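Me: Please take a close look at a single part of this structure, the open sheet and the helices that go with it. I would like one connected description.

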Amino acid sequence: MFARKILVVEDEKILASNIRNSLQKLGYSVSEITKSGEEVIKKVAETHPHLVLIDSCLVGEINGVHVADIIQNDFHVPVVYLTDCSEYKTVPKNQRNEPFSYIVKPFIESDLHLAIEMALYKHQIKKILYEEKQRLMAIINSMGCAVIVTYANGCIQMMNPRAELITGWKESEAFGKDLVEVVNLVDKDVGERIENLATDVIEAGEVLNFPENCTLITKDGKEISIGDNVAPIRDQNGNITGAVLVFQDITKRKQTEAQLMRNAFYDGLTELPNRVLFLDRLRQTIERSKRRNDYYFAVLFLDLDGFKEINDRFGHGIGDDFLVAIARRLESCLRGGDTVARFGGDEFTLLLEDIKDITDATNVAKRIQDSLRLPVNLNGYQLSTTASIGITWNFSNYEEPATLLRDADIAMYRAKRQGKATYAIFS
């Protein structure tokens, strides 16, 4: 398998060299190390990297954020920002809110590796989705998209059969009606009704795309995700005489997007967050605690006692069902804002946010033990278990998720040595 090429854009010479060494050690090919935004566009065109690592605060006439926009929009190459706590706000807000779109300096190799792999994975997902969308659009266009034509006043002039099928309105019923009466649209991002798109496009004089999360309420009240655009209709003299809406049902595409993202961040068996999502939430919590001196959180590392015996005696099918039941028990022991994840096998991790002190964490551990002792009825068998739980919290001002988890894991093994069915606090 060929090594994926990474373009590093970092003006601090020592840091850039360290990043190159780390990337090469991780098996990547470092195509170039550039020091300024002015060089980057040319390098991207020449080397065709798979990903660009870029400092959000580059020196020079073009800053890192502007360069990153060009790379992503014109070259369709994924970007991961390099930033530190003082420069964090230079990362665009939409990128700050997206997992694995930036990494805070200084960082360890494992975090760098994770950020790069997830950025490449997300890019691949988007590429697959884009290609799938293009393929589906070609198929749908060959069958005919929904088309609605309006007069200049925004009232319906014509609907094709596909539009009748999607909206639930017959052309004879819709003719002459105001567009919003037939095409009842809601922007799900803001929860507001969308006004007459035909009159909007006639006033603007240009093509308008539907909002990203646009929902059509059909005549019988059904909700359908739709997408495409509205365009002005011009006569031979260039005068606008009406508008044409071309749209299609994209519900399956939205479901595919949601499923692909779910597969990346959730455990397929228990439907709990997986290791990747847990680490990301823990990283965000650590950053939050740095901004608030009174913000405390705890991590619990849980290993089921005797699960191997259940698997060996009753089989993996019962074992899987038992893990699902345990996952629901663990969820019931937490508050709404906390996180429980399946870390692998019969290991689970819990993130308790905004706690008062370590007592909140030990109370949760006790509640979990009480819950697990209640038997689970599976195929007529009454099965129960206990857990060894390791607890750590941010009294030591942890910087890295891996360190927190390591200490919680150490505490968990200490609990096992103490006779299982108990908890231990790392100290």
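Reply: What follows describes the sheet, then the helices lying across it, then one helix contact. The model is a predicted one.

The open sheet has five strands in the order E15-E16-E14-E19-E20, and its pairing is mixed. Strand E15 (339-344) and strand E20 (423-425) stand at the edges; each has a single partner strand, so one side of each is left without a neighbour in the sheet. From one strand to the next, the twist averages 20 degrees. Strand E14 (residues 296-305) pairs with strand E16 (residues 347-355) in the antiparallel sense, over seven bridges. Phe301 has Thr349 in E16 as its bridge partner.

Two helices can be placed against this sheet. Helix H14 (residues 358-373) lies across E14, E16, strand E19 (386-393) and E20, and H14 runs at about 170 degrees to E19. H15 lies across E14, E15, E16, E19 and E20, running at about 140 degrees to E19.

H15 (residues 401-417) also packs with helix H11 (residues 275-291). The angle is about 105 degrees and the axes are 9 Å apart. Angles of 65 to 115 degrees count as roughly perpendicular, and H11 and H15 are therefore roughly perpendicular to each other. On the H11 side, the contact is made by Phe278, Leu279, Leu282, Arg283 and Ile286; in H15 they meet Pro401, Leu404 and Leu405. By class, the residues of the contact of H11 with H15 are seven nonpolar, no polar and one charged.

Methods: Residues are numbered from 1 along each chain as its sequence is written. This is a predicted model: local features need pLDDT of at least 70, side-chain atom pairs count only at pLDDT 80 or more; totals for chains, interfaces and linings use all residues. Side-chain values use heavy atoms; hydrogens and water are left out. Axes are lines fitted to C-alpha atoms, for helices over the stretch in contact, and angles run from 0 to 180 degrees between N-to-C directions. Helices (H or I, at least four residues) and strands (E, at least two) are DSSP runs, numbered from the N terminus. Angles under 35 degrees count as roughly parallel, over 145 as roughly antiparallel, 65 to 115 as roughly perpendicular and the rest as oblique. Contact means heavy atoms within 4.5 Å. Ala, Val, Leu, Ile, Met, Phe, Trp, Tyr, Cys and Pro count as nonpolar, Asp, Glu, Lys and Arg as charged, and the others, Gly among them, as polar. Two strands pair if DSSP finds at least two bridges between them.
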